[in-house]
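Visitor: I am new to this structure and would like a close look at one part of it, the side chains and what they touch. Please take me through them in order.

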Amino acid sequence: MKKLCNIALTTAKAKRATYADIRVIFNTVEDVSMKNGRPDVSYREINGFGVRVIVNGAWGFSSSSKVAPAQVRKTTLEAVEIARQAAKFQRKPIRLAKEPTYVDFWATPYIEDPFDVPVDEKLGLLSEIDKILRRNKKVINATGNLHAWREHQWMATSEGSFIEQILLRSGCGYSAETSNGKILQKRSYPCAFGRQCVTAGYEYVRAAKLIENAARTRDEAVALLTAPVCPSGKRDTIIEGSMLALQIHESCGHPTELDRVLGHEANYAGRSFITTDKPGKLKYGSDVVNIVADSTMPMGLATFGYDDDAVRAQRYYVVENGLYKHYFTNRDLAHHAGEKRSRGCNRAHGYSKIPMIRMINLSLLPGDWEYDDLLADTEGGLVMEMNKSWSIDQMRINFQFGCEAAWEIKNGKKGKLYRDPTYQGKTVEFWNSCDAICNNKYWHPWGVVNCGKGQPGQTAEMTHGCAPSRFRNLQVGIAR
Amino acid sequence: MKAKAMQAICKKMLKWTSAPTAEVRIHSFRQGLTRFADNSITQNVQELTDGVTFTARFGNRIGSASSTSVDDASLKRVVSEAERVARAVNPDKDLLPFLGMKKYKKMLGFVRKTADTGPDFRARQVGKVIKAAKAKRLTTAGIYSNSVARIAIANTAGLFVTHANSNASTSITMMTKDSAGWASDGHRDIDKIPIKNVIDTAIDKALKSHKPKAIKPGKYTVILEPDAVSNLLLFLAWGGLNGLALYEKRSCFSGMQNKLVVNPKITLTDDAYHPLQNGMPFDWEGMPRQAVTLIEKGRFIDGVYDRGTAKKAKKKPTGHGQPQPNTWGAFPGNMVVEPGDATLDEMIASLDRGILVTQFHYTNIINPKKLDITGMTRSGTFWVEKGKIKYPIKNMRFTQGVPLALRNVRMVGKDLKNASSLFGGGFVVPPLMIKDFTFSSGTDF
């Protein structure tokens, strides 16, 4: 592999590239799915390489799925030509923040390789869940998925880094969709949108209590059909981790991406209200809000040894005691935030896309509340669980989220079930209204597997750890 | 990859397999995209991806495997993986036999120049955008892109179909310190992108959006430009017009066949053969893609169907299916709204009080059965009074049922555009004037 990588680096150097890197990636993906008893199994190999060069102070990138020496040479020459064309309308030459060079192998730990678990065993598990979910005729769709993803990557840079990494992800999940002809409802487990994913082996799936939670999931989905609509108004609301994770993602993660702050996403995903004068000054949240970026955390989907800039993984505060502190950065843009070193957030969707700033794992640190104490302290409030829909403006200020289920809090416990709960607000007001966070017993890492950004579009995965948290006077219910 | 090379791969794989019946699907995609921001090119990329998917069937057992590597060793591995999976799965009684050759319409999908255009041309076009922005002291961001895609499907029932299409597109945001204006265009023929018009429209909207005023949330008459209309229709396509959703009674139109469901001014078809569309003449099962009337003068006619759902629902397949085993249904990806007779200017001139919306952002479903959705306005939102644009307004969140919005249509524009939104689209639509469109909250810009 080193020889193949060197073809790109020497070709680029001969064409006067001042920097070059190549990432060769072999992905293997297996999805074992079932819908209403019908199996759907797919096995995919996604192999290729991408070459990135700086020529005349500008980036050029080209990629190919044909991993062969002649194609590496051809693709590198294309990247050089693309960079030359870009340089014609480049305002300032690219400046890369300094980083030591690394020669290393790094891999996510696991106990049981999910690719070694036979497909028929996986289908047997899904079949058992399917039977439980469809025991009630109100369930019109029962879907389940077991997912395995191995990403084997090699990265070589003209500065001397040569890094081999193997990232292994496992995922599982199911949902029951119910209907009475007029209303559609859904409950999912462990989280919404198909599956919960982590960097781990099949041991995660075995420990996920999938069978144990199937009947409850089904019964709640059925109960939602006759539940009243969530009331509208201002309510103290406990947001469970299965919803709060996406709130962190949308209202803290994206506005923290420095490329958005600088307007690089102005035409597509959008910009950010956290302008470069805000770090160290913006009271983003209340004093109990501590949000940490961490690409070293166990089981995170954005957990790696090195990012796609060959920068070593890091952990740092984005928000500390409510005060906004640091962005997600890469080597190219770090200096715009007054920083000398990248925070290691440059990531690409596979081999075919150019790396760009993506949020890494971003988690709300646990507080000190016991869950039952928090319920008891929130009389008359609501509990909301599991994200169902999301929407936020392009500056990441005004948001609205929908959840699968909500409960009133009565006599210190979860009471009446409500359907179609939503809440909306503005980011800074929202996080400043947070006054209680449950302790680490209730803290859980939630994976996001469908984060879209960039043109051409790229998908990225990351994890948001959090525990149930209370927000005072939240606007709940569908405003009309 | 050329069609002949695809055919050769198909023949090899179908010969190698031990499965009694099998199918091969091949795709080849090349895209160049130049991205700019802050009046500078920030990203300039090219991608070349080939891929093959092999589906093996042993009776009612089916399995698929795919790879982006198309050398013989990889192709043999893909065949063997698909067979391994197929042998392991439970029998699926809903599977249908693979489809043989059918008659397919020819379509204008491919323009050589679009496929062959390189980074030099894209850089020159982007140069025009940046120059125009600087001349008006604006900051610009956007893309200029060209791509070519070819697919082929072959199976043991004798099917071999192939199709290629090209696409070029640009989208441009122009910004002042407190405003933004956006415009876009796309076509299979790169020479038919009116770059100057797109630049001028984005500049005009940005300049007119300067110093926006806040207005109160509530119900307003709106004029939605085509990109905003396309956004609404995307959710209708997903949740309303998929034959499987109709069959499973998940659709907002389930049980509403031949009933008036939207305003009689609306006629909606799915027509891959429309001159402004860029679809393909068959679906992923090899069925010829038909032009389908979905809504005619406000009456719901029917959705689109894959073969499996059509059989269950006692309908005819329309050529909008996915590969088997398809548990997802069918998608009308080439929708066209029949135009009205008013220009956008005439629509604005006829509006007493209301809001002109350029595009929506980050829209999502709240209630899948009623198809209530929410999203934000973006990059050019204006207050219209007594037939004139009076002033720009700060962006607002809308919360609105799509069928209800289409019931409240008051005018349909005459100028069609192939328009998309953040999460997809590619629908050929005119601007629409809609009464009582609900805005539920505002934002700070």
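Guide: What follows goes through ring pairs, two polar residues, the cysteines and the salt bridges.

This is a predicted model, in which local features need pLDDT of at least 70, side-chain atom pairs count only at pLDDT 80 or more, and totals for chains, interfaces and linings use all residues. Residues are numbered from 1 along each chain as its sequence is written, chains are lettered from A and ligands numbered from 1 in the order in which they are written, and side-chain values use heavy atoms, with hydrogens and water left out.

Rings of Phe, Tyr and Trp (its six-membered ring) pair if their centres lie within 6.5 Å; planes under 30 degrees apart count as stacked, over 60 as edge-to-face and the rest as tilted. Over all chains there are 29 aromatic pairs. One of them is the tilted pair of A:Tyr102 and A:Tyr306, with 4.9 Å centre to centre and 50° between the planes. A:Tyr102 lies in the loop between α2 (69-87) and β4 (103-107) of chain A and A:Tyr306 in the loop between β10 (291-294) and β11 (315-320) of chain A, so the pair ties together parts 204 residues apart in sequence. Helices (H or I, at least four residues) and strands (E, at least two) are DSSP runs, numbered from the N terminus. A:Tyr102 is buried at 9% relative accessibility, and A:Tyr306 is buried at 3%. Buried means under 20% relative accessible area, exposed over 50%, and partly exposed in between (1.4 Å probe, protein chains only). Ring pairs also link a cluster whose members include A:Tyr284, A:Phe399 and A:Trp431.

Next come the two polar residues. A:Gln85, in helix α2 of chain A, is buried with a relative accessible area of 7%. Apart from neighbours within four places in sequence, A:Gln85 is in contact (heavy atoms within 4.5 Å) with residues of chain B, among them B:Ile41, B:Asn44 and B:Asp120. A:Thr108 sits in the loop between β4 and α3 (119-133) of chain A and is buried, at 5%. The C-alpha atoms of A:Thr108 and A:Leu167 are separated by 5.3 Å, although the two are 59 residues apart along the chain. A polar atom of the A:Thr108 side chain lies 2.9 Å from the backbone nitrogen of A:Leu168.

As for cysteines, the structure holds 0 disulfides over all chains, a disulfide being a pair of cysteine sulfur atoms within 2.5 Å. The sulfur of A:Cys451 is 13 Å from the closest cysteine sulfur, in A:Cys345, too far for a bond.

Salt bridges number 57 over all chains, each a side-chain nitrogen of Lys or Arg within 4 Å of a carboxyl oxygen of Asp or Glu. A:Glu461 and A:Arg169 form one of them (3.4 Å, N to O). This pair links strand β22 (residues 458-466) with strand β6 (residues 162-179) of chain A, 292 residues apart, and both A:Glu461 and A:Arg169 are buried. Another salt bridge joins A:Lys426 and B:Asp444 (2.7 Å, N to O). This one crosses between chains, from strand β19 (residues 422-426) of chain A to the segment after β19 (432-442) of chain B. A:Lys426 is partly exposed at 24%, as is B:Asp444 at 42%.

Conventions
A polar contact is a pair of N or O atoms within 3.5 Å; within protein, one must be able to donate a hydrogen and the other to accept it, and residues adjacent in sequence count only if both atoms are side-chain atoms.
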